[in-house]
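Here are my notes on this structure, written as numbered points. Keep the 3D view open and find each residue as you read.

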Amino acid sequence: MRILTKDENMLAMSFPSYYIKPPSHKLVVHMAGNAVPPEAMYQIISALKAQA
């Protein structure tokens, strides 16, 4: 197993590839870990609306 790169962390949280990232890996992991992934939230909300 390996640690994800800065770009992999950001893409996993559905940040676009052009998003400006902090210079250090630690800051990227912190930022991505605190993020609410917009694509995931869109899918969840869409599913909830469909159930209503």
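1. A good place to begin is the surface. Val 36, Met 41, Ile 44, Ile 45 and Leu 48 make up a nonpolar patch there, and together they offer about 460 Å² of accessible area. One of them, Leu 48, sits in helix H3, which covers residues 38-51. Is Leu 48 buried or exposed? Its relative accessibility is 57%, and the cut-off for "exposed" is over 50%, so Leu 48 counts as exposed.

2. Please keep in mind that this is a predicted model. The mean pLDDT of the protein is 89, and 100% of the residues score at least 70. Looking at the individual elements, H3 has the highest mean pLDDT, 91, while H1 has the lowest, 89.

3. Next, the charged side chains. Side chains of opposite charge can pair when their charged atoms come close. How many salt bridges are there? The count is two. In one, the side chain of Arg 2 meets that of Glu 8, with 2.7 Å from N to O. The two partners differ in how open they are to the surroundings: Arg 2 is exposed at 56% relative accessibility, whereas Glu 8 is partly exposed at 27%.

4. The other salt bridge joins the side chains of Lys 21 and Asp 7, at 3.3 Å from N to O. Why is this pair worth a look on the model? Lys 21 belongs to the loop between H1 and H2 and Asp 7 to helix H1, so the pair ties together parts that are 14 residues apart in sequence. Both ends are partly exposed: Lys 21 has a relative accessibility of 25%, and Asp 7 has 44%.

5. Let us stay with Glu 8 for a moment. Glu 8 is part of helix H1. Which residues does Glu 8 contact, once neighbours within four places in sequence are left aside? They are Arg 2 and Ile 3. Arg 2 is also the salt-bridge partner of Glu 8. For a sense of scale, try finding Ile 20 as well: Glu 8 and Ile 20 are twelve residues apart in sequence, and their C-alpha atoms are 14 Å apart in space.

6. The backbone has a detail to check at Ser 14. Where is Ser 14? You will find Ser 14 in the loop between helix H1 (6-12) and helix H2 (25-34). The phi angle of Ser 14 is near 65°, which is a positive value in a residue other than glycine. With a relative accessibility of 26%, Ser 14 counts as partly exposed.

7. Finally, have a look at the aromatic rings. The structure contains one aromatic pair. The ring centres of Phe 15 and Tyr 19 are 4.9 Å apart and the planes meet at 55°, so this pair is tilted. The reasoning is short: planes under 30 degrees apart would count as stacked and planes over 60 as edge-to-face, and the rest are tilted. The two residues fall into separate accessibility classes: Phe 15 is buried, with a relative accessible area of 15%, whereas Tyr 19 is partly exposed, with 36%. The cut-off behind this is that buried means under 20%.

Note on methods:
Residues numbered from 1 in each chain as written. Predicted model: local features only at pLDDT ≥ 70, side-chain atom pairs only at ≥ 80, totals over all residues. Heavy atoms only, no water. Phe/Tyr/Trp six-rings, centres within 6.5 Å; stacked < 30°, edge-to-face > 60°. Buried < 20%, exposed > 50% of the residue type's maximum accessible area, 1.4 Å probe, protein only. Patch = residues over 30% accessible without salt bridge, like charges linked within 9 Å, V, L, I, M, F, W, Y side chains within 5 Å. Areas by Shrake-Rupley, 256 points an atom, 1.4 Å probe, with all protein chains shown as cover. Salt bridge = Lys/Arg side-chain N within 4 Å of Asp/Glu carboxyl O. Helix = DSSP H or I, 4+ residues; strand = E, 2+ residues; numbered from the N terminus. pLDDT = per-residue confidence, 0-100. Contact = heavy atoms within 4.5 Å.
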